[in-house]
Amino acid sequence: MEVIIQQNKEAAAALVARIIAHDLRANPHLVLGLATGATMERVYRQLVALHREQHLDFSLCSTFNLDEYVGLFPSDPNSYRHYMDHHLFRNVNIDARNTHLPNGMADDLDVECRRYEAMIQRFGGIDVQLVGIGKAGHIGFNEPLSALRSRTRVKALTPTTIKQNAPLFRGEDNVPRRAITMGVGTIIEARRCLLLATGDSKAAMVAKAVEGPITSMVTASALQLHPRCTVVVDEEAAAQLTEKDYYRWIFANEPEWQDYR
Ligand code: GLP
């Protein structure tokens, strides 16, 4: 795992967008794993800007999102399909047929979860998986006690997650109780993982995920098992990390990061 600390939210998101853009230019057929949430809005703004200003080409790439709420139509403003269309897909030259999210309205949710896993396999697996971290320490909607080898399935949301997402739904009562999410096992099979976390509300969970023990109570900690995982944080989200000087030295000196400094 590598940790990159940036001055602020904007710089952290810009760095993540540049890493994605670099990998997309190197492989126009890239299979991108995508995430939602307020943190990622900045990344998508940056990617849209790179498309408009530097002709970043999405025409051949495919995407798989981490998760989707159960019971929301794609047209619902709170569905993750709507979020993705609004923040990214509609604003770049991606082929809508290559954009994938689990269908939270499927008649048989278990069949839908298996279909989603099979589709990822059919595309050859995910090249770069973008992930955020929830206040419950989750990646995707892998709430505490999610098996570290879990696959795409339906998960019940914890009270912490329901509370975190309530403002968007105008109250906790309106937040769906379940979601389809890629499993922890699905996520860490991606060839590269990129975790972005910003703001002081994420500091405690970032410290647990990066420097704490691997535990299903903090599913983001499973990223420690990944051979190629980059964690990008701003100063606020980095506040509780103990080895910051070491992380800064690596970013400042290792040749791999030369183009990103
Ligand atoms: C939801 C998503 C997660 C995301 C988290 C954090 O729970 N399922 O994938 O990481 O929100 O969102 P935010 O960036 O708004 O803090």
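**Helix H2 and strand E3**

In this predicted model, the buried residues (under 20% relative accessible area, with exposed over 50%; 1.4 Å probe, protein chains only) of helix H2 are Thr39, Met40, Val43, Tyr44, Leu47, Val48, Leu50 and His51. Viewed down the axis of H2, they fall within an arc of 165°, so they line one face of the helix; the arc is that of the directions from the helix axis to the C-beta atoms. The face turned away from this buried side carries the exposed residues Ala38, Arg45, Arg52 and Glu53. The buried residues pack against helix H1 (9–26), E2, helix H3 (80–87), strand E6 (128–131) and strand E9 (192–197), contact being heavy atoms within 4.5 Å. Helices (H or I, at least four residues) and strands (E, at least two) are DSSP runs, numbered from the N terminus. After H2 comes His55, with a positive phi near 55°.

Strand E3 (residues 62–65) directs Ser62 and Phe64 one way and Thr63 and Asn65 the other, and all are buried. E3 pairs in the parallel sense with strand E2 (residues 31–34) over four bridges, pairing requiring at least two DSSP bridges between the strands. Leu34 stands opposite Asn65 in E3. E3 also pairs in the parallel sense with strand E5 (residues 99–100), over two bridges, and Thr63 stands opposite Thr99 in E5.

Residues are numbered from 1 along each chain as its sequence is written. Local features need pLDDT of at least 70, side-chain atom pairs count only at pLDDT 80 or more, and totals for chains, interfaces and linings use all residues, while side-chain values use heavy atoms, with hydrogens and water left out.
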